[in-house]
Amino acid sequence: GKAPKGIKRPPEPLLLPYEVNWEDLNKEESEYWLKMGLYKKDTDLFNIKGVRGFYRNCRFIRKSMPDDPMFVYLTKERDTFKVYRPYALDKTTKFRGQLNGHILEGWEALPITGDILFINSSLKDTAVIRKAGYFGINPTSENSFTTLLNKAKELNNRFKRKIIFFDNDGPGIIATKKLRQELEWETCTLPLNWAKDPSDLVMRSGNYFDLNRFLDN
(Lines give C-alpha, C1' and ligand atoms only; values in the text may rest on other atoms or scores of the structure.)
Protein backbone atom coordinates (compact mmCIF):
# COMPACT_ATOMS: atom_id res chain seq x y z
CA GLY A 1 0.00 0.00 0.00
CA LYS A 2 0.95 3.65 0.10
CA ALA A 3 3.58 4.76 2.56
CA PRO A 4 2.38 7.19 5.20
CA LYS A 5 3.05 10.85 4.49
CA GLY A 6 6.47 12.02 5.53
CA ILE A 7 8.10 8.65 4.98
CA LYS A 8 10.40 8.51 1.97
CA ARG A 9 11.17 5.34 0.13
CA PRO A 10 14.88 4.54 0.38
CA PRO A 11 16.77 4.84 -2.91
CA GLU A 12 17.29 1.67 -4.88
CA PRO A 13 20.84 0.30 -4.74
CA LEU A 14 22.98 1.01 -7.79
CA LEU A 15 22.94 -1.94 -10.16
CA LEU A 16 26.00 -2.54 -12.32
CA PRO A 17 24.72 -4.24 -15.46
CA TYR A 18 28.06 -5.35 -16.90
CA GLU A 19 30.60 -7.82 -15.62
CA VAL A 20 33.77 -8.97 -17.31
CA ASN A 21 36.08 -11.95 -16.76
CA TRP A 22 39.55 -11.33 -18.12
CA GLU A 23 42.98 -12.91 -18.51
CA ASP A 24 46.31 -11.94 -20.01
CA LEU A 25 46.33 -11.68 -23.80
CA ASN A 26 46.61 -14.97 -25.65
CA LYS A 27 48.56 -15.49 -28.88
CA GLU A 28 45.76 -14.39 -31.24
CA GLU A 29 44.95 -11.30 -29.17
CA SER A 30 48.61 -10.33 -28.90
CA GLU A 31 48.93 -10.47 -32.70
CA TYR A 32 46.44 -7.61 -33.03
CA TRP A 33 48.64 -5.32 -30.91
CA LEU A 34 51.80 -6.54 -32.61
CA LYS A 35 50.44 -4.95 -35.80
CA MET A 36 51.11 -1.66 -34.01
CA GLY A 37 54.50 -2.79 -32.71
CA LEU A 38 53.12 -3.17 -29.18
CA TYR A 39 54.47 -6.04 -27.09
CA LYS A 40 53.37 -7.49 -23.77
CA LYS A 41 55.26 -4.88 -21.76
CA ASP A 42 53.44 -2.16 -23.73
CA THR A 43 49.94 -3.60 -23.27
CA ASP A 44 50.67 -4.36 -19.60
CA LEU A 45 51.64 -0.72 -19.07
CA PHE A 46 48.08 0.29 -19.99
CA ASN A 47 46.42 -2.74 -18.37
CA ILE A 48 44.96 -4.20 -21.57
CA LYS A 49 43.59 -7.72 -21.13
CA GLY A 50 41.63 -10.31 -23.10
CA VAL A 51 37.94 -10.92 -22.37
CA ARG A 52 37.06 -14.49 -21.42
CA GLY A 53 33.46 -13.67 -20.61
CA PHE A 54 31.34 -10.54 -20.91
CA TYR A 55 28.02 -10.51 -19.10
CA ARG A 56 25.03 -8.19 -18.83
CA ASN A 57 22.77 -8.65 -15.84
CA CYS A 58 24.44 -12.03 -15.25
CA ARG A 59 23.66 -13.20 -18.80
CA PHE A 60 26.56 -14.16 -21.06
CA ILE A 61 26.94 -11.91 -24.13
CA ARG A 62 30.20 -12.91 -25.78
CA LYS A 63 33.90 -13.52 -25.32
CA SER A 64 37.08 -12.87 -27.26
CA MET A 65 37.49 -15.08 -30.32
CA PRO A 66 40.39 -15.50 -32.77
CA ASP A 67 38.55 -13.77 -35.63
CA ASP A 68 36.77 -11.28 -33.35
CA PRO A 69 39.10 -10.34 -30.47
CA MET A 70 37.66 -8.53 -27.50
CA PHE A 71 39.75 -6.50 -25.08
CA VAL A 72 39.12 -4.80 -21.78
CA TYR A 73 40.89 -1.68 -20.55
CA LEU A 74 41.10 -2.02 -16.78
CA THR A 75 41.57 0.67 -14.17
CA LYS A 76 42.50 0.49 -10.51
CA GLU A 77 38.88 1.21 -9.61
CA ARG A 78 36.65 -1.78 -9.07
CA ASP A 79 33.88 -2.29 -11.67
CA THR A 80 35.33 0.49 -13.84
CA PHE A 81 36.40 -0.60 -17.31
CA LYS A 82 35.93 -0.26 -21.07
CA VAL A 83 35.52 -3.19 -23.46
CA TYR A 84 36.71 -2.87 -27.07
CA ARG A 85 36.01 -5.00 -30.16
CA PRO A 86 38.18 -3.60 -32.99
CA TYR A 87 36.54 -5.65 -35.77
CA ALA A 88 32.91 -5.12 -34.76
CA LEU A 89 30.85 -4.06 -37.78
CA ASP A 90 28.14 -2.52 -35.63
CA LYS A 91 29.64 0.58 -33.99
CA THR A 92 27.11 0.38 -31.17
CA THR A 93 28.74 -2.87 -30.03
CA LYS A 94 32.33 -1.80 -30.61
CA PHE A 95 32.69 -0.23 -27.18
CA ARG A 96 31.05 -0.99 -23.85
CA GLY A 97 31.93 0.92 -20.72
CA GLN A 98 30.96 1.02 -17.09
CA LEU A 99 31.55 3.89 -14.63
CA ASN A 100 34.40 5.22 -16.80
CA GLY A 101 33.16 8.70 -17.71
CA HIS A 102 35.60 10.27 -15.25
CA ILE A 103 38.60 8.24 -16.47
CA LEU A 104 41.52 9.60 -18.47
CA GLU A 105 43.07 6.53 -20.07
CA GLY A 106 46.83 6.42 -19.73
CA TRP A 107 46.81 8.67 -16.67
CA GLU A 108 48.38 6.10 -14.37
CA ALA A 109 51.31 5.63 -16.78
CA LEU A 110 52.27 9.34 -16.79
CA PRO A 111 55.42 10.65 -15.10
CA ILE A 112 55.15 13.37 -12.48
CA THR A 113 56.47 15.98 -14.91
CA GLY A 114 57.49 16.08 -18.56
CA ASP A 115 58.09 18.23 -21.62
CA ILE A 116 55.36 17.20 -24.07
CA LEU A 117 51.99 15.54 -23.47
CA PHE A 118 49.76 14.43 -26.34
CA ILE A 119 45.99 14.36 -25.83
CA ASN A 120 44.77 11.52 -28.06
CA SER A 121 41.37 10.16 -29.08
CA SER A 122 41.86 6.52 -28.03
CA LEU A 123 43.99 4.30 -25.84
CA LYS A 124 45.42 2.65 -28.97
CA ASP A 125 46.83 6.02 -30.01
CA THR A 126 48.09 6.75 -26.51
CA ALA A 127 49.93 3.40 -26.44
CA VAL A 128 51.44 4.02 -29.89
CA ILE A 129 52.50 7.54 -28.93
CA ARG A 130 54.21 6.13 -25.84
CA LYS A 131 56.00 3.54 -27.98
CA ALA A 132 57.20 6.40 -30.20
CA GLY A 133 58.81 8.03 -27.18
CA TYR A 134 56.21 10.55 -26.04
CA PHE A 135 53.68 10.65 -23.22
CA GLY A 136 49.94 10.71 -23.84
CA ILE A 137 46.48 10.37 -22.37
CA ASN A 138 42.98 10.27 -23.81
CA PRO A 139 39.41 10.75 -22.63
CA THR A 140 37.12 7.74 -22.90
CA SER A 141 35.54 9.36 -25.98
CA GLU A 142 35.98 12.47 -28.13
CA ASN A 143 32.76 13.86 -26.62
CA SER A 144 33.73 13.39 -22.97
CA PHE A 145 35.86 16.34 -21.93
CA THR A 146 34.65 17.11 -18.42
CA THR A 147 37.41 15.24 -16.60
CA LEU A 148 40.09 16.55 -18.95
CA LEU A 149 38.94 20.13 -18.35
CA ASN A 150 38.97 19.53 -14.60
CA LYS A 151 42.53 18.23 -14.84
CA ALA A 152 43.75 21.02 -17.13
CA LYS A 153 45.34 23.10 -14.38
CA GLU A 154 47.25 20.10 -13.05
CA LEU A 155 48.42 19.16 -16.55
CA ASN A 156 49.58 22.73 -17.17
CA ASN A 157 51.74 22.48 -14.05
CA ARG A 158 53.11 19.04 -14.89
CA PHE A 159 53.87 19.38 -18.63
CA LYS A 160 55.45 22.24 -20.54
CA ARG A 161 53.52 21.61 -23.77
CA LYS A 162 50.11 20.01 -24.27
CA ILE A 163 49.21 19.03 -27.83
CA ILE A 164 45.74 17.85 -28.86
CA PHE A 165 46.23 15.05 -31.40
CA PHE A 166 42.77 13.84 -32.40
CA ASP A 167 41.65 12.07 -35.58
CA ASN A 168 41.65 14.05 -38.83
CA ASP A 169 38.06 13.06 -39.71
CA GLY A 170 34.95 15.21 -39.17
CA PRO A 171 34.24 14.33 -35.52
CA GLY A 172 37.92 14.62 -34.66
CA ILE A 173 38.23 18.09 -36.18
CA ILE A 174 35.10 19.29 -34.36
CA ALA A 175 36.39 17.90 -31.05
CA THR A 176 39.81 19.50 -31.64
CA LYS A 177 38.31 22.95 -32.24
CA LYS A 178 36.08 22.66 -29.19
CA LEU A 179 38.91 21.65 -26.89
CA ARG A 180 41.29 24.25 -28.31
CA GLN A 181 38.75 27.00 -27.56
CA GLU A 182 38.43 25.78 -23.99
CA LEU A 183 42.11 25.26 -23.16
CA GLU A 184 44.15 27.14 -25.80
CA TRP A 185 46.49 24.18 -26.12
CA GLU A 186 48.44 23.36 -29.27
CA THR A 187 46.87 21.05 -31.86
CA CYS A 188 47.99 18.79 -34.68
CA THR A 189 46.51 16.18 -37.01
CA LEU A 190 48.03 13.76 -39.47
CA PRO A 191 47.90 14.62 -43.18
CA LEU A 192 44.70 13.30 -44.74
CA ASN A 193 46.59 11.09 -47.21
CA TRP A 194 48.57 9.41 -44.43
CA ALA A 195 46.06 7.91 -42.00
CA LYS A 196 43.28 8.91 -39.63
CA ASP A 197 45.27 8.59 -36.41
CA PRO A 198 48.67 7.41 -35.09
CA SER A 199 47.68 3.76 -34.56
CA ASP A 200 46.25 3.50 -38.08
CA LEU A 201 49.41 5.03 -39.50
CA VAL A 202 51.64 2.48 -37.77
CA MET A 203 49.39 -0.41 -38.84
CA ARG A 204 49.36 0.83 -42.43
CA SER A 205 53.10 1.47 -42.75
CA GLY A 206 54.23 -1.45 -40.59
CA ASN A 207 56.76 0.69 -38.74
CA TYR A 208 57.17 3.90 -36.72
CA PHE A 209 59.26 5.83 -39.23
CA ASP A 210 56.55 8.17 -40.55
CA LEU A 211 55.01 8.72 -37.12
CA ASN A 212 58.34 9.52 -35.49
CA ARG A 213 59.23 11.85 -38.33
CA PHE A 214 55.91 13.65 -37.91
CA LEU A 215 56.19 13.91 -34.11
CA ASP A 216 59.82 15.02 -34.13
CA ASN A 217 59.01 17.79 -36.59
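**Figure 1. The hairpin of strands S2 and S3, as it appears in this predicted model.** Two residues lie between the strands of the hairpin formed by S2 and S3, and in this hairpin Asn57 takes a positive phi near 50 degrees. Strand S3 covers residues 59-62, and S2 pairs with S3 in the antiparallel sense over three bridges. Within this pairing, Arg56 stands opposite Arg59 of S3.

**Figure 2. Strand S2 and its pairing with strands S1 and S4.** Strand S2, which spans residues 48-56, is joined by six bridges to strand S1, residues 18-23, and the two run antiparallel. Strand S4, residues 71-74, also runs antiparallel to S2, and three bridges join S4 to S2. A useful residue to find in this view is Gly50, which is the bridge partner in S2 of Glu23 and which also stands opposite Phe71 in S4. For a student tracing the side chains here, it helps to recall that in a regular strand the side chains alternate between the two faces of the sheet.

**Figure 3. The surroundings of Glu105 in strand S7.** Glu105 is found in strand S7, which is made of residues 104-105. Is Glu105 buried or exposed? Its relative accessibility is 7%, and because buried means under 20% relative accessible area, Glu105 counts as buried. The side chain of Glu105 makes a polar contact with the side chain of Asn138 at 2.6 Å, and the side chain of Glu105 makes another polar contact, at 3.2 Å, with the side chain of Lys82. When neighbours within four places in sequence are left aside, the residues in contact with Glu105 include Tyr73, Ile137, Pro139 and Thr140, and also Leu123 and Thr126.

**Figure 4. Helix H3 and the residue Gly133 that follows.** Why is helix H3, residues 123-131, described as largely enclosed by the rest of the structure? Seven of the nine residues of H3 are buried, so the helix is largely enclosed in this way. The buried residues are Leu123, Lys124, Asp125, Thr126, Ala127, Val128 and Ile129, and among them Leu123 and Thr126 are in contact with Glu105, the residue shown in the previous view. H3 is followed by Gly133, whose phi is positive, near 105 degrees.

**Figure 5. The stacked aromatic pair of Tyr84 and Phe95.** The count of aromatic pairs in the model comes to 13. Tyr84 and Phe95 form a stacked pair, with 5.0 Å from centre to centre and 20 degrees between the planes. Tyr84 lies in strand S5, residues 81-84, and Phe95 in strand S6, residues 95-98, so the pair ties together parts that are 11 residues apart in sequence. Tyr84 is buried, with a relative accessible area of 5%, whereas Phe95 is partly exposed, with a relative accessible area of 39%.

**Figure 6. The edge-to-face aromatic pair of Trp194 and Phe214.** Trp194 and Phe214 form an aromatic pair that is edge-to-face, with 6.1 Å from centre to centre and 65 degrees between the planes. Trp194 is in the loop between strand S11 and helix H7, while Phe214 is in helix H8, residues 209-216, and the pair links these distant parts of the chain, which are 20 residues apart. Trp194 and Phe214 also belong to one aromatic cluster, together with Phe118, Tyr134 and Phe165.

**Figure 7. A charged residue over the ring of Trp107.** In this last view, Arg158 lies over the face of Trp107, at 5.2 Å from the ring centre.

Definitions and conventions: Residues numbered from 1 in each chain as written. Predicted model: local features only at pLDDT ≥ 70, side-chain atom pairs only at ≥ 80, totals over all residues. Heavy atoms only, no water. Buried < 20%, exposed > 50% of the residue type's maximum accessible area, 1.4 Å probe, protein only. Helix = DSSP H or I, 4+ residues; strand = E, 2+ residues; numbered from the N terminus. Polar contact = N/O pair within 3.5 Å; in protein donor to acceptor, adjacent residues only side chain to side chain. Contact = heavy atoms within 4.5 Å. Pairing = 2+ DSSP bridges. Phe/Tyr/Trp six-rings, centres within 6.5 Å; stacked < 30°, edge-to-face > 60°. Lys NZ or Arg CZ within 6 Å of the ring centre and 35° of its normal.
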